[in-house]
Amino acid sequence: MKSIIRSSILSGIAIGIAGFGYLASDKDIVGAILFAFGLATVVHYSLKLYTGTAGFIRRGELGTLFLILFFNLVGCALMGLMARCSPLPLQETAQGILEGRLAMGALRGGVLSIGCGFIMTTAVTFARQDKMLPLIFGVPLFIVCGFPHCVADGFYYLCVPLAYIADHWQEVLLFYVSIVAGNFIGCNLYRLVMAG
C-alpha cells in the first residue's frame with residue numbers, strides 16, 4: 001500500500017511538472033509536446049497514474065484505482081503550490097483553462113475525455129513494449145484535441161485562484177467527476193468493444 005501511495009504521488013508530481021511547462025508556454029503546441037515528458041516519466045519509472053492504470057485493472061481493483069487518483073492529486077497539489085510561487089502568470093492561464101472547461105459543460109467534457117482515456121491506454125500499451133512513438137504523439141494529440149485528462153486538469157484546477165474555485169466549486173466538482181468517468185471509459189474502450 002505504501003509503495004502505491006508513493007508511486008501515485010510521484011506520478012502526480014510528474015504530471016504537475018508537465019502541466020507547469022504547458023501553462024508556462026501559454027498553452028501553445030510546444031507546451032503540448034513538452035507535456036509528453038510527464039507520461040514518459042510515469043512509464044519509465046513504472047509509476048501509478050490513474051489513466052495509465054485504469055485500462056489494465058482487474059475485478060476488485062476499483063478501490064485501488066481511486067486511491068491512485070487521490071494521491072495523483074496530492075502530487076498535483078504539491079506542484080500547484082510551486083506554481084503559485086512562479087512569477088509567470090500561471091494562475092491566470094490555469095483559470096482560463098478551467099473557465100473553458102466549465103463553459104463546455106460536464107456532459108460534453110465527459111464525452112471528450114473518453115478520447116483522452118483511449119489515447120492514454122494505447123500510449124501506455126505501446127510504451128510497455130518499448131515503443132515510445134504513440135506516447136510522444138499521443139499526449140500532444142489529446143491536448144490539441146481538447147480532450148480533458150483528469151490528473152492534468154486536477155493540476156490546473158489546483159493552480160487557479162482559490163476565490164474562483166470557492167465561487168464555482170459545484171460546477172468544478174460536477175465537471176471533474178464527469179471527466180474521471182469519461183477517462184475510465186476511454187481507458188477501457190478497447191476492452192469494452194472487443195470483449196466477447
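The legends below describe an overall view and several close-up views of one predicted model.

Residues are numbered from 1 along each chain as its sequence is written, and side-chain values use heavy atoms, with hydrogens and water left out. Because the model is predicted, local features need pLDDT of at least 70 and side-chain atom pairs count only at pLDDT 80 or more, whereas totals for chains, interfaces and linings use all residues.

**View 1. The whole chain, built from 11 helices and 0 strands.** Helices (H or I, at least four residues) and strands (E, at least two) are DSSP runs, numbered from the N terminus. From that end the elements run α-α-α-α-α-α-α-α-α-α-α. The radius of gyration, taken over C-alpha atoms and compared with a globule rule of 2.2 Å times the number of residues to the power 0.38, is 15 Å, close to the 16 Å that the rule gives for 196 residues, so the chain is as compact as a globular protein of that length. The C-alpha trace spans about 50 × 35 × 30 Å along its principal axes. Of the 196 residues, 48% count as buried, where buried means under 20% relative accessible area, exposed over 50%, and partly exposed in between (1.4 Å probe, protein chains only). With contact defined as heavy atoms within 4.5 Å, 82% of the contacts between residues at least 6 apart in sequence join residues at least 24 apart.

**View 2. Helix α9 and its surroundings.** Helix α9 covers residues 150–159, and 9 of its 10 residues are buried, so the helix is largely enclosed by the rest of the structure. Among these buried residues are Cys-150, Asp-153, Phe-155, Tyr-156 and Cys-159. The buried residues of α9 pack against α1 (2–24), α4 (50–53), α5 (62–85), α6 (90–104) and α10 (162–187).

**View 3. The salt bridge between Arg-101 and Asp-153.** A salt bridge is a side-chain nitrogen of Lys or Arg within 4 Å of a carboxyl oxygen of Asp or Glu, and the closest N and O atoms of Arg-101 and Asp-153 are 2.8 Å apart. Arg-101 lies in helix α6 and Asp-153 in helix α9, so the pair ties together parts that are 52 residues apart in sequence. Arg-101 is buried, with a relative accessible area of 14%, and Asp-153 is also buried, with a value of 1%. Leaving aside neighbours within four places in sequence, Arg-101 is in contact with Gly-146, Pro-148, Asp-153, Tyr-157 and Phe-175.

**View 4. The salt bridge between Glu-61 and Arg-58.** The structure holds 2 salt bridges, and in this one the side chains meet at 3.5 Å, N to O. Glu-61 counts as partly exposed at 27% relative accessibility, while Arg-58 is exposed, with a relative accessible area of 60%.

**View 5. The largest nonpolar core, with 53 residues.** A nonpolar core is a set of buried Ala, Val, Leu, Ile, Met, Phe, Trp, Tyr and Cys residues joined through side-chain atoms within 4.5 Å. The residues with the most contacts inside this core are Phe-35, Leu-39, Phe-155 and Tyr-156. At least two residues of the core are supplied by each of α1, α3, α5, α6, α7 (106–127), α8 (133–145), α9 and α10. Not counting residues up to four places away in sequence, Phe-35 touches Ile-15, Ala-18, Gly-19, Tyr-22, Val-139, Ile-143, Ala-152 and Tyr-156.

**View 6. A nonpolar patch on the surface.** Patches are made of residues with over 30% relative accessible area and no salt bridge, with like charges joined within 9 Å and nonpolar side chains (Val, Leu, Ile, Met, Phe, Trp, Tyr) within 5 Å. Here Phe-118, Ile-185, Tyr-190, Leu-192, Val-193 and Met-194 together have about 650 Å² of accessible area, computed by the Shrake-Rupley method with a 1.4 Å probe and, for residues, only the protein chains shown as cover. Helix α11 (residues 189–194) gives the most to the patch, with 4 residues. Met-194 lies in this helix and is exposed, with a relative accessible area of 53%.

**View 7. Two loop residues with positive phi, Asp-26 and Ser-46.** Asp-26, in the loop between α1 and α2 (29–34), has a phi near 60° and is exposed, with a relative accessible area of 54%. Ser-46, in the loop between α3 and α4, has a phi near 55° and is exposed, with a relative accessible area of 60%.
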